[in-house]
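Got a minute to look over a fold before you head back to the bench? Here is a quick briefing on its sheets, one residue and one pocket.

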Amino acid sequence: IIFNSSPDEYFAVAQDSVLRLERLHVSDIKVVGDQEYLEYRGHGLPLIRMERYLPVRPLPQDTDTLYMIIPRHADGVPETGSSAGILVSRIVDAVDVEVRLRDAERAGPGLEGTAIVNEQLTMFLNPGTLIASAGVQERTS
């Protein structure tokens with residue numbers, strides 16, 4: 001799945017690592033302390049902004065709609081769901097490609113490497129590693 005955080009930076013995650021893609025209104029995001037949450041299926045789902053953990057540009061400020069990538073699971077979280085959602089600005093496409101990843105020019109948790117996909121330099125992300133590095137713990141209550 002190819003997506004943007006900022007309009008000119010392209011990322012990809014393996015389709016089999018994603019449980020769901022959700023569209024959301026920015027007004028639905030709630031904040032407790034410095035953590036953002038979204039009410040999701042009766043629970044508060046923590047949200048991760050990639051720019052807080054990776055050397056990437058921030059999400060656009062002038063939008064009413066964002067998307068959320070919910071990984072199938074994060075490290076230590078059961079296969080039935082994720083402990084957080086990753087906020088992105090746009091879902092670009094879902095494609096089947098074989099790539100040979102080069103070392104990521106930017107280092108950060110979950111960045112596995114880069115490749116050219118559809119004529120765009122694309123950074124490949126392991127969403128579970130990103131969420132685990134953010135220190136989001138699964139809530140049991």
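Two strands count as paired here if DSSP finds at least two bridges between them. Keep in mind that this is a predicted model. With that pairing rule in hand, one open sheet comes out with five strands, and another open sheet has six.

**The five-strand sheet**

- Reading across, the strands go β9-β1-β2-β11-β10, and the pairing is mixed.
- Which strands sit at the edges? They are β9, covering 90-93, and β10, covering 111-117. Each has a single partner strand, so one of its sides has no neighbour in the sheet.
- On average, neighbouring strands in this sheet are turned by 35 degrees against each other, ignoring direction.
- Strand β1 takes in residues 2-4 and is joined to β9 by three bridges, with the two running antiparallel.
- If you want a spot to click on, try I2, which stands opposite D93 in β9.

**The six-strand sheet**

- Here the order is β3-β7-β8-β6-β5-β4, again an open sheet with mixed pairing.
- The edges belong to β3 (18-25) and β4 (30-32), each of which pairs on one side only.
- From one strand to the next, the twist averages 40 degrees.
- At the β4 end, three bridges tie β4 to β5, which spans residues 35-40, and these two strands run antiparallel.
- V31 has E36 in β5 as its bridge partner.

**R49 and its contact with E36**

- You'll find R49 in strand β6, which covers residues 43-49.
- Is R49 buried or exposed? Its relative accessible area is 13%, and the cut-off for buried is under 20%, so R49 counts as buried.
- What does the R49 side chain touch? It makes a polar contact with the side chain of E36, at 2.6 Å.
- That puts E36 in two roles: bridge partner of V31 and side-chain contact of R49.

**The second largest pocket**

- How much space lies in the second largest pocket? About 240 Å³.
- Its lining is made up of 14 residues. Nearest the centre of this pocket are V13, A14, V95, V97 and F124.
- Sorted by class, the lining has 11 nonpolar residues, two charged ones and one polar one.

Technical notes. Residues numbered from 1 in each chain as written. Predicted model: local features only at pLDDT ≥ 70, side-chain atom pairs only at ≥ 80, totals over all residues. Heavy atoms only, no water. 1 Å grid on protein atoms, 1.4 Å probe; cavity = no way out; pocket = protein on both sides within 12 Å on 5 of 7 lines; lining within 4 Å. Points joined across faces, edges and corners; volume = space filled by probe spheres on them. Nonpolar A, V, L, I, M, F, W, Y, C, P; charged D, E, K, R; others polar. Helix = DSSP H or I, 4+ residues; strand = E, 2+ residues; numbered from the N terminus. Axes fitted to C-alpha atoms, helices over the stretch in contact; angles between N-to-C directions. Buried < 20%, exposed > 50% of the residue type's maximum accessible area, 1.4 Å probe, protein only. Polar contact = N/O pair within 3.5 Å; in protein donor to acceptor, adjacent residues only side chain to side chain.
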